[in-house]
Amino acid sequence: MLTLVAFVLALGLLIAVHEYGHYRVAVACGVKVLRFSIGFGKPLLSWRRKGSPTEFVLCALPLGGYVRMLDEREAPVDPAEKHLAFNTQPLRSRAAIVAAGPAANLLLAVALYALVNWTGVEEPKPVLASPAASSLAERAGLVGGEWVSEAATADAEPTPVSSFEDLRWRLTQAALSGDDMTLWVASEEGGSVRPVTLALSELDVREADASLFQRMGILGPWTAPVVGDVMDGGAAAAAGLQTGDVVQSVDGQPVSDGQRLRSLIRSATGSAGQGIEQRWLVERRGQRLELLVKPVPEQQAGAWVGRVGAYIGAAPAMMTVRLGVLDGFTQGVVRTAEVSWLTLKMMGRMVIGEASIKNLSGPLTIADYAGKSASLGITSYLLFLALISVSLGVLNLLPLPVLDGGHLMYYLWEGVTGRSVSDVWMERLQRGGVAILMAMMAIALFNDVARLAG
C-alpha cells in the first residue's frame, strides 16, 4: 500500500508541476487555456475558478496530463478570440509555452534538493569499507578504514568530500565520464593525508548498476564487524552466535570490518553449492569464544553465496550534512545540472551502443523505488522526487516529435527557415516519434519485469 500511495503521489505531483509550467506561461503570453487536466479518462473532479475560462480536471488514470489551449488547428475559433489562440502567437511565445513544462520539472528538482540541503540529511561518514578483491580500490592500496577528506578528477582542483553518499556520486560521475579520480585519504579524521588514484577509466561502464561499485571496490561505508539480529533456525543461531558478538577472525583471517566479514561468509560455498564450515573467533561481553559456523548456500544471480541468517555489520557512523540558504540553493542548482547532464550522457551512450539499454527504467521500477524511499523517511522520498523530476524534465526535452523537445525542434526549424513544418511532414514525424517512444516504453517495461523477477 505504501508503494502505491508513494508512486501515485509522486506521479501526480510531477505531472501537475509539469502541466502547470505550460499553463502558467500560456496565460502569461495571453493564450486562452480551455482545460488543465491531471490524468486521462473519466473525470473524477472538475472545477472552474471565478472569472477564469479554464476548466481544471482530475481524471481516473493519473499516468499523464495535458493543457488544452485555444487553437485553430484543433477546432474553429471565434474571430473575436483569434488573438487568444496558441497557433497565432509569435514564435518566441509558443516556444516559451512548450519549454515551460520541462523547465518547471527542473525548477522543482532545484527546490527539492535545496530543501534537503537546508533541513539537513543524515548520511554515512566518508570512511571506506574493505575493498572488494581484485578491485581498483584494492589495487590502489586501499585496505578499509580510510577517511576520505577530498577528491578530484585529473586536472581539477580537489574539493572536500562531505559524506559517503557525496563520494559515491562523484565516483559515479567520474566512471561514466571515463575519468580517473584521486582520493585524499587518512587513517583517521584529521590524520596525515595521502593521495590514492582510482583508475576508473579502465572500467567498462555499459551498465551503471551495483556491479560498477563492485569493480571499483567502493562498496559501502565502514562498519564494525558486529553480529546484528539473529534469525531463528539460521546458521548463525545454530552456531550459537548472539546479537552484539564482535567477530575478530574467520579461519584465522583477521576481520577488519563488516564488509570483510560479509565477503568471507559469501565465499563459504563449494563448487557444488555445499556450505563450508568456518571457525569464528568472537568477543562477547569481554570474553573470547570460538564458534563453528556453516553458512547455508543460496543461489544469487546464477552463483552460490553463503548466508548465515543474521544481520552482519553495525550501523555506519553518521553525520548531519546541512547547508546555509545560499549554499543550499547553489548546490541544488549544481546537483540538478549534474543529474541532467548525466542523464543526457547515458541516453547518448545508449543510442550509440556504449551503454546497455538495461539502464532504462519504467513505471514498475519507479513505483518500487518510490515505496522504498518513502519507507526510509521524508528526506529519502524528497531526493527520489527530485531525481524523477529531473528525469521527466530531461526526457521531455528530447527531440522526439511527440514530446516537448520535438515541438521545440519544429520551432527551431521555423526560426531558421522562416516557415513552419508542413502538415505532411508533421504527420510523418509524429508517427515516427510515437514508434520510438513505444519502443522505449516496451524496453523499459521489460527491464522492470526482469529486475523484479531477479
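**An open four-stranded sheet and its helix**

Student: In this predicted model, which strands pair over six bridges in the antiparallel sense?

Tutor: The pair includes a strand covering residues 181-186, namely β6. In this pairing A186 stands opposite V193, a residue of β7. The two strands joined by six antiparallel bridges are therefore β6 and β7.

Student: In what order do the four strands form the open sheet?

Tutor: The pairing in this sheet is antiparallel. The order of the strands is β5-β4-β6-β7.

Student: Which strands stand at the edges, each with a single partner strand?

Tutor: A strand with a single partner has one side left without a neighbour in the sheet. This applies to residues 159-160 and to residues 193-198, so the edge strands are β5 and β7.

Student: Which helix packs on the sheet?

Tutor: The helix touches β4 (147-153), β5, β6 and β7. Its direction makes about 155 degrees with that of β6. The helix, formed by residues 164-177, is α4.

Student: What percentage of the residues of the chain count as buried?

Tutor: A residue counts as buried when its relative accessible area is under 20%. The chain has 454 residues, and the share that meets this criterion is 42%.

Student: How far apart are the mean positions of the positive and negative charges of the chain?

Tutor: The chain carries 38 positive and 42 negative charges. Its C-alpha trace spans about 90 × 50 × 40 Å along the principal axes. The separation between the two mean positions is 6 Å.

Note on methods
Residues are numbered from 1 along each chain as its sequence is written. This is a predicted model: local features need pLDDT of at least 70, side-chain atom pairs count only at pLDDT 80 or more; totals for chains, interfaces and linings use all residues. Side-chain values use heavy atoms; hydrogens and water are left out. Two strands pair if DSSP finds at least two bridges between them. Contact means heavy atoms within 4.5 Å. Axes are lines fitted to C-alpha atoms, for helices over the stretch in contact, and angles run from 0 to 180 degrees between N-to-C directions. Buried means under 20% relative accessible area, exposed over 50%, partly exposed in between (1.4 Å probe, protein chains only). Lys and Arg count as positive and Asp and Glu as negative; His and the chain ends are not counted. The place of a charge is taken as NZ of Lys, CZ of Arg, CG of Asp or CD of Glu.
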